[in-house]
Amino acid sequence: MRSNIAVAAVLLALAGYIFLAAGTLPFGTMRVPQTAFFPRTLAVLLGIMSLILLARALAGREALRGGEKIETQGWIRIAVTLMTLAGFALALERLGFLLTTFLLMISLLRAIEAQKWRKVVVVALATALISYAIFSLLLGVPLPAGLLGI
Amino acid sequence: MCRSPLDSWESSVDLIANIGLGFSVALTPINLLFCFLGVLVGTLVGVLPGLGPVGAVAFLLSLTFKMEPASAIILLAGIYYGAMYGGSTTSILVNIPGETASVVTCLDGYRMARQGRAGAALGMAAFGSFIAGTFGVIGLMCLAPLLGRAALSFGPPEFFALTLTGLTLVAYLSQASMLKALTMATLGLLAGTAGMDPISGEERFTYGTLTLRDGFGLVPVAMGLFGIAEVLENLARIGPPSLYETKIKGLLPNAKDWKDSIWPIGRGSVLGFFLGILPGPGPVIASFMSYAMEKRLSRYPEKFGTGVIEGVAGPEAANNSATAGSFIPLLSLGIPTSGIMALFMGALMIHGIQPGPLFISRHPDLFWGFIASMYVGNAMLLVLNLPLIGIWVRVLKTPYVILFPLILLFCLIGVYSLNANTVEIVVMLGFGIFGFFMRRVGFEGAPFILALVLGPIMETSLRQSLLISRGDFSIFLTRPICAVLIVLTVAFLIWPLFTGRKKKTRE
C-alpha cells in the first residue's frame, strides 16, 4: 500500500518539475505551438493521473500486484549485480574489453550464487575470449582495447 | 485477388510478379542464412526464460548496422516469430512459458505432457503455428498495400489521432490497470521529448549532455526495460529449479488430434490475425482470447485445463498469425503498435528507411522480400523445431548462474556497440532499475517503449495540425477518419468507468 502512495507522490513531483523546467523554453501559442507546448501539456496530464493514482492509493483501492516479497538475499544479489554493471561502464574504456569482461563475469558468477573459484575463473576467461572473438573478430564491433592492447 | 474486381486481373498479375520479386530477395544465400539465424535465435529466446523477444531484437538491432536493410529486417522478424514457436516448447514440457504469448499453452500443454502426450502437443503446436503463420503472411500481403494506399490521403490530424488511439488502446488492453498503463505511456511520451525539438531543432531536457542531444536511445531504453529489469526480477527470486523429466515419444499428432485441432487452428488463425493488427500486445491477447473461445465452443468445456489438444492448437495458432498481423500498421501507416514494432521501426530508420504509406511503393524489394522470408522462415521452423526439441530442452537446463551473467553481458555489448558510448550503458542501467521497480508496483514497460517511439510522431503531427487549423482544435473532429479515431479513443477511455472493473484477460 505504501509503495503505491510513494510512486504516485514521486510521479506528481516529476510532473511538477517537468512543468517548471519546460517554463524556460518558448511555449508559443495555440496557433503556433513551440518547443515547450508538448512537454508542458504532458506534464499536466501526468499530474492529473498521479493525483488519481494518489487518491486511489490513499483510499486503499489500488491492490499491490506483482510485488512478491524479496528476501534480503535477493536484494543483495540485485545490488551487487547493478554495481558490477555500473563498474563495467566505468572501466570499459580504461581497462579494455577483454579485461573488463573477465572481471565482470568473475564478479557476477560470485554474486549470483557463489561458485568454486576454479570454475569462476575458467568460465570468465572463456566468456571473455569467446565474446571477443564473436563480436570483434566475426561481427566487426569496435571494442575498446585499453591496457592489454587488444 | 484482394482488391476491387475492376482491376483484379491486373492486380493478380502484379501480385504474382511481386511475390516473385519477394522470393528472389528472400532466397539469396545471405538472406536465407539470416532468416535461419533469426528463427534459430528466436527459438532460443523463446525457450529461455529471462530474455524475451523484445530484449533480443533490441540487442541484435545494434549489430544490423552494416547489413543490407532487407537482411536486417529478415533477421529481426525471424527472431520475433521464432520466439513464438520456442515459447510453446517450454510451456508444454516444463510448465515455464518462455514468453508471455505462451502462458496459456501451459494450461493444457503441460497437462498433456504429464499424461505422456508431450509429443502430440509439441507437434500440434508446431503445425498449428505453421498453418497460422502462413495464413497471417497471406493476410499481411493482401491488407498492407491496401491500407498503405488508403493512408496516402492522411494528413497530420489523422496521424495524430492514430497515435492517440494506438496508445489508448494499448492501455485499454493492458493486463494490469489501465490508469497505470496510461501513466507509463505519458512518461514514455515525456521521455520522447528529450533531445531536439522535431520542428524547430531547439534542445530540450538535454542538461548539456551530448548523449541526450538525440533523445533517449531506443535500444538502451528497451534493453534496460526488457533485458536488465527482467534479469533483476529473476535474481530476486532464485530458487531450486523444478524441472519435470518428460519422455517425448511420437511427435506426430494422430488422426483424432488433427480432427480435434483443425477448427481451433482455423479460428485461431483468423482471430489472431485481426487482433494482431490492433495496437497492444497482439500475440498475448490473441492466445488468451483463442483459449477462451475454444473453451466456450467446446462440447466439453469442463475438460479444458486437464490436457485437451484444442487448448494448445488454438492459442498457438492465434499467437503466430498475430505476429504477422502486427506488422500491418507499421509497414502501411508507419505507426508501430507494440514495443517490438517500435524496435522494428528503429531498425528500418537506422537504414534511412521511413515506414509508412509510401514504404511499399518505394521499397518493393524490401517489403516483398520480407514477406517471402516469413514463408521461408515458417517452413524452416517447422523442419527445425520438431527434430531439435531435445536440444532445446537441454538448453533450458543451462544453469541460471551462467545464463544471467551472459544475458547481462549481451545487453552491455549490445548497447555499447551502438555508438561506442559508455553513457548509454548508464542510461540502460537507469531504465533497468526504473523498469524493475515500476513493474513491482504494477506499471508495465510496453506502453512506455511504444510511447517513446510514437512521441516525436505525435508531437510533430499535433503541432502541424494546429498550424494548419490556426489553433482551432475542431480540425480533429471535422475530418471523418480523424473524428472516428478520436471518438474511439474517448470511448476506450470512458468505457471502463461505466463497466466498473475491467474484465481481466487472464482467466
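At what angle do the axes of helix α5 (residues 103-114) of chain B and helix α6 (residues 118-150) of chain B cross? The tour returns to that question at its last stop, and it begins with the reminder that this is a predicted model.

**Stop 1: chain A as a whole.** Select chain A and colour by secondary structure, which will show five helices and zero strands, so that, read from the N terminus on, the elements follow the order α-α-α-α-α. Turn the C-alpha trace of chain A until its principal axes line up with the screen, and the spans come out at about 60 × 45 × 25 Å. The radius of gyration of chain A is 24 Å, whereas a compact globule of 150 residues would have a value near 15 Å. Buried residues make up 34% of the 150 residues in chain A, and among the contacts in this chain with a separation of 6 or more, 61% join residues that are 24 or more positions apart.

**Stop 2: the two domains of chain A.** Now make two selections within chain A, residues 2-58 for domain 1 and residues 72-148 for domain 2, as given by the domain assignment. A distance drawn between the C-alpha centres of these two domains of chain A comes to 40 Å.

**Stop 3: where chain A meets chain B.** Bring chain B back into view and select the residues in contact across the two chains, to which chain A contributes 56 residues and chain B contributes 48 residues. On the side of chain A that touches chain B, the elements that give two or more residues are α1 (2-21), α2 (37-58), α3 (72-95), α4 (97-112) and α5 (117-138) of chain A. Highlight α3(A) in particular, since with eleven residues α3(A) gives the most to this side. Recolouring the same side of chain A by residue class shows 36 nonpolar, 14 polar and six charged residues.

**Stop 4: a helix pair in chain B.** Finally, select residues 103-114 and 118-150 of chain B, which are helices α5 and α6, and whose axes come within 7 Å and cross at roughly 140°. Angles over 145 degrees would count as roughly antiparallel, and α5(B) and α6(B) are therefore oblique to each other. To see the contact itself, show B:Thr105, B:Gly109, B:Met112 and B:Ala113 on α5(B), together with the residues they meet on α6(B), namely B:Ala118, B:Ala120, B:Ala121 and B:Ala125. By class, this contact of α5(B) with α6(B) has six nonpolar, two polar and no charged residues.

Notes. Residues are numbered from 1 along each chain as its sequence is written. Chains are lettered from A and ligands numbered from 1 in the order in which they are written. This is a predicted model: local features need pLDDT of at least 70, side-chain atom pairs count only at pLDDT 80 or more; totals for chains, interfaces and linings use all residues. Two residues are in contact if their C-beta atoms, placed from the backbone, lie within 7 Å. Helices (H or I, at least four residues) and strands (E, at least two) are DSSP runs, numbered from the N terminus. Ala, Val, Leu, Ile, Met, Phe, Trp, Tyr, Cys and Pro count as nonpolar, Asp, Glu, Lys and Arg as charged, and the others, Gly among them, as polar. The radius of gyration is taken over C-alpha atoms; the globule rule is 2.2 Å times the number of residues to the power 0.38. A residue is buried if 20 or more other C-beta atoms lie within 10 Å of its own, exposed if 12 or fewer, and partly exposed in between; C-beta atoms are placed from the backbone. Domain bounds come from an automatic or database domain assignment. Axes are lines fitted to C-alpha atoms, for helices over the stretch in contact, and angles run from 0 to 180 degrees between N-to-C directions. Angles under 35 degrees count as roughly parallel, over 145 as roughly antiparallel, 65 to 115 as roughly perpendicular and the rest as oblique.
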